[in-house]
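Student: I'd like a close look at just one part of this model. Could you walk me through the place where the two chains meet?

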Number of protein chains: 2
Amino acid sequence: MFSLSKLRRFATALVVTCVFFVLHGSPMYAQATLPVMPLPAHVVQGAGSLSLHGGLQVVFEGYTEPRLERARDRFVATLSRETGILPVPPQPVNQSKLIIKTAGPSAPVQQLGEDESYRLEITPTQAVLNAANPLGILRGLQTFLQLAKISPNGFVVPAITIDDQPRFPWRGLMLDSGRHFMPVDVVRQTLDGMEAVKMNVFHWHLSEDQGFRIESKTFPLLQEKGSDGLFYTQEQVREIIDYARDRGIRVIPEFDMPGHATAWFVGYPNIASGNGPYQIEREFGIFDPAMDPTRESTYEFLDRFIEEMTALFPDAYFHIGGDECNGKEWDRNPRIQQFMREHGLKDDAALQAYFTGRVQKLVAKRGKITVGWDEVLQPDTPKDVVIQSWRGQKSLAQAAERGNRGILSTGYYIDLNQPASQHYAVDPLEGATAKLTADQQKNILGGEATMWSEYTTPENVGGRIWPRTAAIAERLWSPQETKDVDSMYRRLGVVSEDLAQRGMLYRTTSELMIERMVGDEDPSSLKVLASVVEPPKGYSREELTKYYSYTPLNHLVDAVPSESDQARQFRGIADRIAGGTATENDRRQARQWLTLWRDNDALLQPLLPHSALTAELAPLSRNLSQAAAIGLSALDSLEKRESVSAATRGDQLASLKKLGAPQATLIDGIVPGVETLVRATKR
Amino acid sequence: MFSLSKLRRFATALVVTCVFFVLHGSPMYAQATLPVMPLPAHVVQGAGSLSLHGGLQVVFEGYTEPRLERARDRFVATLSRETGILPVPPQPVNQSKLIIKTAGPSAPVQQLGEDESYRLEITPTQAVLNAANPLGILRGLQTFLQLAKISPNGFVVPAITIDDQPRFPWRGLMLDSGRHFMPVDVVRQTLDGMEAVKMNVFHWHLSEDQGFRIESKTFPLLQEKGSDGLFYTQEQVREIIDYARDRGIRVIPEFDMPGHATAWFVGYPNIASGNGPYQIEREFGIFDPAMDPTRESTYEFLDRFIEEMTALFPDAYFHIGGDECNGKEWDRNPRIQQFMREHGLKDDAALQAYFTGRVQKLVAKRGKITVGWDEVLQPDTPKDVVIQSWRGQKSLAQAAERGNRGILSTGYYIDLNQPASQHYAVDPLEGATAKLTADQQKNILGGEATMWSEYTTPENVGGRIWPRTAAIAERLWSPQETKDVDSMYRRLGVVSEDLAQRGMLYRTTSELMIERMVGDEDPSSLKVLASVVEPPKGYSREELTKYYSYTPLNHLVDAVPSESDQARQFRGIADRIAGGTATENDRRQARQWLTLWRDNDALLQPLLPHSALTAELAPLSRNLSQAAAIGLSALDSLEKRESVSAATRGDQLASLKKLGAPQATLIDGIVPGVETLVRATKR
């Protein structure tokens with residue numbers, strides 16, 4: 001796949017055996033305990049460790065370039081943050097040494113499928129990092145940083161030999177800067193996190209109904225009228241592209257068309273299909289405005305726009321969106337209807353296919369390859385168009401069969417607040433794609449997590465992306481057999497701590513948002529509640545409350561992580577209790593937590609009316625208390641081996657069903673675990 | 001004092017009555033509950049509040065300038081952080097309004113004693129902020145931000161009328177960038193905090209034995225050989241000066257001479273009194289190297305250096321240090337000894353006075369006023385030299401009597417890890433200065449907190465400065481009668497939360513440093529220990545362990561705040577229990593905490609050997625447990641009204657004395673409270 005032959009050549013020169021040995025079937029040491037995410041392809045543990053106590057000297061051998069020097073400086077600064085060992089001045093004791101050997105340069109513009117493999121060999125006397133090019137070095141440095149740990153002998157990295165390379169060449173994250181603008185520092189932090197987990201494509205969703213977010217010098221009314229003043233200057237964009245390249249990350253812009261484009265039309269109504277005037281959209285959903293595919297002037301506009309943007313973004317790929325155009329403006333416009341009849345375009349899908357074909361040619365004219373969402377795949381879509389699937393592996397398989405390459409996003413929608421395990425279980429090569437031939441499977445390039453921003457602001461977006469996206473990064477990097485969910489969660493905790501040590505402060509932000517809700521009151525009891533509730537999953541939030549793009553996202557649902565660690569751990573304990581495998585510690589923990597949750601309501605209720613942001617939480621807090629009380633009752637019965645009548649159990653389960661319903665757009669994460677306990681009372 | 005007459009003129013035009021009414025004797029509402037720090041000079045509470053729920057429109061009337069517009073943008077962004085209310089796009093509902101009325105500009109370069117007064121009038125319909133110039137507006141905006149709070153009706157500011165002005169015109173913070181370099185982002189955050197608590201002088205200690213920290217174009221070897229590459233470029237310095245000016249803060253550089261100057265001599269040994277060569281100093285203390293006051297070439301060097309630096313720093317004041325020159329290099333140099341005899345300089349102090357006199361003329365030649373530490377005050381010191389006292393009010397009184405102005409730093413040494421209450425109790429006008437005539441007292445300009453950096457790095461300096469410096473800021477701003485320590489601590493907690501909401505993350509950093517110590521282990525029990533221990537006070541730390549400038553400051557002593565909130569609260573409870581004024585809640589809290597502390601050792605000990613950073617904590621943790629056990633025993637006796645024998649009590653107090661001794665360079669904050677409980681068992 002992709003650079004396998006290049007990798008093989010390089011690896012042969014360096015590695016004696018086993019480079020492509022994958023973890024499946026290997027000793028479980030690495031999978032179970034190595035604090036690295038994504039897990040490397042191949043690990044051999046050594047004896048002893050390399051001390052970092054006196055500092056670490058980083059030396060280049062062979063090829064080098066300014067990007068590598070910056071990578072070293074960043075590495076040294078990060079290592080200093082993770083250890084508190086000051087990087088300067090030179091220590092009087094002997095420093096350990098990391099030798100970086102780079103065979104040669106990577107491509108001037110980072111390419112799909114470039115070699116990212118590396119070999120990291122750490123012994124008690126030194127560390128050597130080998131790679132064919134700077135990309136492999138970047139990946140290996142992140143592995144080294146994750147390996148650095150405190151020990152009885154101070155900070156060390158364990159003796160180990162790692163041969164590593166990614167499974168998929170496209171490991172992306174899409175950030176929606178359209179619905180809520182994400183300032184450049186948020187983008188930078190996102191790229192920092194991506195580098196840490198070896199992701200390599202930043203897909204930047206730059207235009208939406210709610211905002212056009214990039215400066216166009218050719219068509220300045222795009223940002224002047226379509227952004228509320230919230231857009232990236234071209235200078236900032238160039239800085240972000242450089243910043244990403246320093247981290248081995250490609251930047252692919254997306255300009256969504258013909259739908260999801262209302263913000264374009266505020267300044268340029270003539271490229272739309274309706275009569276205008278248009279306003280920036282303040283609600284969320286699918287809206288009627290769409291570009292007019294029937295007028296040549298639309299393509300003249302897009303030609304010049306694409307000329308400008310393809311010059312700004314050096315990547316070979318260019319995303320034109322294409323999703324969710326409802327065609328209603330087309331249906332209402334007699335001129336467009338006439339055009340469709342004249343050109344034999346039988347429906348809106350055909351008209352969109354015509355549009356996509358025209359735009360794809362404009363992109364190709366600038367030497368770029370078009371990427372689009374599922375909808376752009378039509379019978380005569382050119383073979384080089386890459387399909388990003390939000391509908392599932394089936395779309396990808398269809399595309400791959402006819403020769404189009406594709407990337408999976410179905411299952412990686414991190415805005416839907418699903419657990420990391422759910423994303424982790426999704427594989428680009430399963431279901432329909434698993435049935436493809438090996439050659440066809442090569443068309444599956446990888447996947448992308450998508451961070452849509454209806455319910456996310458710059459403040460809390462970090463906590464929506466991280467740490468769950470690290471699980472997706474592992475799915476796309478590590479061998480397919482890497483599937484141990486317990487190991488994943490254990491390492492996800494380590495990664496989250498590591499990201500915090502590096503200055504990614506989403507956990508702190510969550511705490512500060514909770515503290516802000518109670519003002520000068522003691523937030524402890526609110527934090528107890530917060531630790532076990534979760535935002536609703538999937539698209540249910542929008543059904544619970546009406547949101548506008550300016551609605552403050554400062555409620556508890558906005559502050560808590562997508563997934564409650566404590567609720568998840570409680571479910572695990574409940575499963576073990578029900579399954580008869582619980583330890584004494586499990587039972588003690590369950591009782592302690594259930595007691596805490598039951599009693600918290602009495603402490604929290606008096607505070608809630610003091611703040612408009614907490615008043616709505618009264619039923620949620622009460623429900624948590626009641627669910628915990630049911631849990632304690634079930635736990636008592638189980639421990640005393642008392643029988644519980646079917647009627648009582650039925651009542652309890654019925655109560656839990658009510659108690660688990662969303663309140664204040666939040667769901668109670670402990671109800672499933674309590675249900676497990678109640679069900680277990682049936683003997 | 002200072003701008004009183006200007007203020008009076010301005011105030012008369014705006015304010016009907018009571019502008020100079022101070023809080024002493026006024027209803028205690030404001031002092032006790034107003035969440036503002038420093039407390040304003042005069043407050044009248046209104047009825048109701050102004051809603052911020054729909055956003056706040058900020059409107060200028062009268063004079064404006066780009067600095068005010070930037071202040072407004074910063075204010076809007078901070079208010080958004082503090083509330084989560086998105087600043088854009090315009091809300092569809094009616095926004096509340098803040099009208100900013102500025103009478104005119106301030107001086108082009110901010111001057112000592114410029115008018116900083118403001119009037120803030122908030123009603124349920126609008127807020128009006130009035131000031132003579134932008135400085136007053138900056139101060140008033142901070143008061144507004146502190147007033148914004150969550151309520152049952154959403155975020156509001158209370159209806160209130162505040163007339164406010166500072167007590168002293170010089171309210172400074174000195175940052176030592178010499179011993180440990182402090183990067184520009186640390187400087188910026190420091191200035192952010194200063195703005196929040198209305199401080200107005202940033203004193204930048206830029207040269208030390210351990211480093212020369214600013215780019216000189218005239219003498220580039222200063223930074224090239226004297227800084228380990230850690231210095232500010234002139235471009236960065238200009239940016240910091242602008243950043244400070246935007247926040248109403250003057251920037252005064254200090255170049256310490258003739259002592260504390262080893263780093264200068266690495267590049268320029270000829271200005272020193274010894275033979276050289278010199279190395280950057282890696283230890284801390286007072287060292288022999290000193291400038292040679294006897295050679296004209298020294299003054300030629302300094303003339304050109306001062307020319308360069310006075311051109312870079314626009315402030316009218318220029319600090320030449322002058323502290324702690326031990327004269328040993330002078331004593332050892334026959335040529336210098338001969339010079340002293342020839343010029344009738346009877347001792348090293350006389351030689352330093354000669355040097356200071358020469359340097360002061362070089363500073364005056366560039367139109368600047370010299371500031372120096374106590375030692376620069378000599379019989380013929382010119383009257384315009386400002387004395388910064390590290391020795392106490394007596395030095396200041398002496399200076400003031402002879403006509404020199406002075407600022408107090410004694411008692412404001414925040415590097416010594418003393419409690420906020422201790423700094424809060426120190427007043428520039430008490431002791432010797434209280435006995436001065438009113439005219440002489442005008443020579444006391446204010447004070448400066450000093451953040452020396454022997455035991456502080458960029459990582460933890462925020463937690464050394466904040467929140468305690470806010471207590472000093474209040475001492476220097478608020479009426480002298482503002483002295484309620486309980487109110488101060490209550491509001492210090494509010495300020496600390498507010499600074500966190502603004503993105504000053506010293507509390508988070510403290511947590512991360514603690515988590516880093518245990519690696520992937522659960523840090524909970526270490527946090528329990530951390531929450532009640534404190535760094536040693538004063539200069540005792542250097543006696544406990546040997547430190548070099550490269551010694552990692554990543555131990556528990558470096559992570560914990562200077563003052564333990566929990567230990568302080570426990571002492572308060574113990575005092576109330578001993579004094580018979582404890583509530584039921586006090587007693588319950590004391591028992592809960594003492595139990596937690598007693599039992600924590602069993603949880604923590606097994607972890608400690610796993611990490612080189614925690615292994616040293618075993619005795620500290622054990623001692624906490626034992627002290628808590630003694631406390632519980634005393635509490636039992638008190639609650640059961642049992643008599644305790646004098647012998648038992650004597651044994652307990654003797655044990656506590658041992659348990660309270662420093663361990664791992666940390667002191668146990670609960671021992672004094674436990675001692676109080678034990679003593680109370682004597683009936």
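**Where chain A meets chain B**

Tutor: Let's start with one pair: Arg507(A) makes a salt bridge to Glu515(B), with 3.4 Å between the closest N and O atoms. Keep in mind that this is a predicted model. That pair isn't on its own, as the count between chain B and chain A is four salt bridges. Some of these residues hang together: Glu497(A), Arg507(A), Glu511(B), Glu515(B) and Lys527(B) are joined into one network by salt bridges that share partners. As background, side chains of opposite charge can pair when their charged atoms come close. Beyond the salt bridges, there's a count of 13 residue pairs in polar contact between chain B and chain A, both residues being at pLDDT 80 or more.

So which parts of chain B do the touching? The elements that give two or more residues to the side facing chain A are helix 3 (66-83), strand 6 (149-151), strand 7 (154-164), helix 18 (485-501) and helix 19 (506-518) of chain B. Of these, helix 19 of chain B supplies the largest share, seven residues. Sorted by class, the side of chain B that touches chain A holds 22 nonpolar, 17 polar and 11 charged residues.

Now zoom out to the whole contact. Chain B puts in 50 residues and chain A puts in 50 residues. Interface size is often quoted as the accessible area lost when the parts come together. Here, about 3,500 Å² is buried between chain B and chain A, and carbon and sulfur atoms give 63% of that.

How do the copies sit relative to each other? In general, two copies of a chain are related by a rotation about an axis and a shift along it. For this pair, a turn of 180° and a shift of 0.1 Å along the axis lay chain B on chain A with an RMSD of 0.1 Å. That is the relation of a two-fold axis. If you want to find the axis on chain B, look for Thr508(B): its C-alpha is the one nearest the axis, 3.4 Å from it. The surfaces match up too: 100% of the interface residues of chain B are also interface residues in chain A, so the copies meet through the same surface.

To pull it together, picture a two-fold axis, with helix 19 of chain B giving the largest share of that chain's side of the contact, and Arg507(A) reaching Glu515(B) in a salt bridge.

Technical notes:
Residues numbered from 1 in each chain as written. Chains lettered and ligands numbered in written order. Predicted model: local features only at pLDDT ≥ 70, side-chain atom pairs only at ≥ 80, totals over all residues. Heavy atoms only, no water. Contact = heavy atoms within 4.5 Å. Buried area = accessible area lost by both parts, 1.4 Å probe. Salt bridge = Lys/Arg side-chain N within 4 Å of Asp/Glu carboxyl O. Polar contact = N/O pair within 3.5 Å; in protein donor to acceptor, adjacent residues only side chain to side chain. Helix = DSSP H or I, 4+ residues; strand = E, 2+ residues; numbered from the N terminus. Nonpolar A, V, L, I, M, F, W, Y, C, P; charged D, E, K, R; others polar. Least-squares fit on C-alpha atoms with pLDDT ≥ 70 in both.
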